[in-house]
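Student: Could we go through this one together, a piece at a time? I would like to know how to read it.

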Amino acid sequence: MATKVLMPQLGESVTEGTISKWLVNVGDTVKKYDSLAEVTTDKVNAEVPSTVSGRVTEIVVPEGETVAVGTLILYIEESGAEGATAAPAGTTETTAPQAPATEQPKAATPAVSNQQVPVMDGPKQRYSPAVVMLSQQHGIDLSRVVGTGAGGRITRKDVQAIIDAGGQKPTETVKETVAQAPVAVEQTTVVSTPAPVVPASTPAVSVDIPVASGDQVVPVTSIRRTIASRMVQSKHEAPHAWTMVEVDVTNLVNFRNQAKGEFAKKEGLNLTFLPFFIKAVVEALKEYPMINSTWAHDKIIVKKDINISIAVATEDALYVPVIKHADQKSILGIAKAVDDLAARTRAGKLTMDDMTGGTFTVNNTGSFGSVLSQPIINAPQAAILSVESIVKRPVVINDMIAVRSMVNLCMSLDHRVLDGLICGRFLQSVKQKLENVGPDTKLY
């Protein structure tokens, strides 16, 4: 018999995924645990394994399409099944869980407020932070929205569709009798005032940009689309503020130059400047824990663990893997973690655990020669720090001009959570720690 393969939930807060590439074709024979497809979410790329052995009979979701968690994406006819039909409509689901609401026919009720929505008793609906924030900003009553996610969960697309349709309409409460077997039950229903019903998939208004002769058109990949979506969401939801300090790292440069040869020989990896900056940031986060926090709409959550996200660029994308419990690591430990995450990022071997749990981001833009930048916050974190290029500049010391190694530290902050005072003190702490690096600094 045919088994339904559903879009998995690749993370606690993940509600949808994009099929970036199918690794099988219709008619292919697969074994249990073979990879079927590459899926991109707003957190990580992952492969979907087969739960059974058999033959692929139909691919339901094409490459590049984004669907909710729990959506049917593929049919597999199990090996040795007798009387199984290739047509999906006649299949019987066995090992796969019961199809959620997202597998209803296309004519199912759209997820907008311009329709009758029964008020049901039951467990309280849970919403993702992005859904709650977007609904609050546009005055959307989530109790009047029908979700298209797994189990009827409301996704960000559902809320965005209502916004694109002009927002919710005023409502009035009426009572009607709904016939249900075996008796008639009086049921309260919220009815919106008459308005056109707009499908949940209604796209936002876009402008056609002419393509001139000789222009190159580059298709948007699923990972680039995900990055764009997250960056727009961060700028839209978090009020960004920005500040910067310059740091004299002459002593750090001298210390690193003296220690790097022996370090490489002993540890088998290069001693870069980044672990020193991360170590200083971690120590400053201990002093100012509010920086290590998250906005949660009606509260601020100060994180106990200090998990540092680092930006790693590949040829076509930017990933942000996480150094877990960075406050418990020495400079050597941080250096090894950075080297390992960077290598696995470029090899495409990151796991979901590698990409989740970050509480503060350190971005090494200086590796590209940048001396000033204004980074976008890695939501839902409250701040991000960019370490710029170390350059020699003339500076005034004791009324005399000297050539020193200087670096700019640029910080973007979520002004809902943080203010200039605490961020200024935090940066001064990082600055002091970096300027105090010297012969007594411990690498181990």
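Tutor: Let us start with one pair of residues: Glu 16 stands opposite Ala 68 in β7. A strand here is a DSSP run of E with at least two residues, a helix is a run of H or I with at least four residues, and both are numbered from the N terminus.

Student: Before we go on, what kind of model is this?

Tutor: It is a predicted model, in which local features need pLDDT of at least 70 and side-chain atom pairs count only at pLDDT 80 or more, while totals for chains, interfaces and linings use all residues. Residues are numbered from 1 along each chain as its sequence is written, and side-chain values use heavy atoms, with hydrogens and water left out.

Student: OK, back to β7. How many bridges join β2 to β7?

Tutor: Strand β2 (residues 16-22) is joined to β7 by 3 bridges, and the two run antiparallel. Two strands count as paired if DSSP finds at least two bridges between them.

Student: In what order do the strands of that open sheet come?

Tutor: The order is β5-β4-β2-β7, so to speak from one side to the other, with antiparallel pairing among the 4 strands. Because β5 (45-49) and β7 (66-68) each have a single partner strand, they stand at the edges, and one side of each is left without a neighbour in the sheet. From one strand to the next the twist averages 40°, where axes are lines fitted to C-alpha atoms (for helices over the stretch in contact) and angles run from 0 to 180 degrees between N-to-C directions.

Student: What does Gly 54 face in β8?

Tutor: In β8 its bridge partner is Glu 78, and Gly 54 in β6 also stands opposite Val 30. Strand β3 (residues 29-30) pairs with β6 (residues 54-59) over 2 antiparallel bridges, and 5 bridges join β6 to the antiparallel strand β8 (residues 72-78).

Student: Changing topic, how many aromatic pairs are there?

Tutor: The count comes to 3 aromatic pairs. Rings of Phe, Tyr and Trp (its six-membered ring) pair if their centres lie within 6.5 Å, and planes under 30 degrees apart count as stacked, over 60 as edge-to-face and the rest as tilted. One of the pairs is Phe 255 with Phe 276, which is edge-to-face because the centres are 6.1 Å apart and the planes stand at 90°. This pair links distant parts of the chain, since Phe 255 is in helix α4 (residues 250-267) and Phe 276 in helix α5 (residues 274-287), 21 residues apart.

Student: Are Phe 255 and Phe 276 buried or exposed?

Tutor: Both Phe 255 and Phe 276 are buried, where buried means under 20% relative accessible area, exposed over 50%, and partly exposed in between (1.4 Å probe, protein chains only).

Student: And which ring does Arg 256 lie over?

Tutor: Arg 256 lies over the face of Phe 273, at 4.6 Å from the ring centre, and Lys 266 lies over the face of Tyr 444, at 4.7 Å from the ring centre. A charge sits over a ring if NZ of Lys or CZ of Arg is within 6 Å of the ring centre and within 35 degrees of the ring normal.

Student: Last one: how many disulfides does the structure hold?

Tutor: The structure holds 0 disulfides, a disulfide being a pair of cysteine sulfur atoms within 2.5 Å. Cys 410 counts as buried because its relative accessible area is 0%, and Cys 423 is buried too, at 1%.
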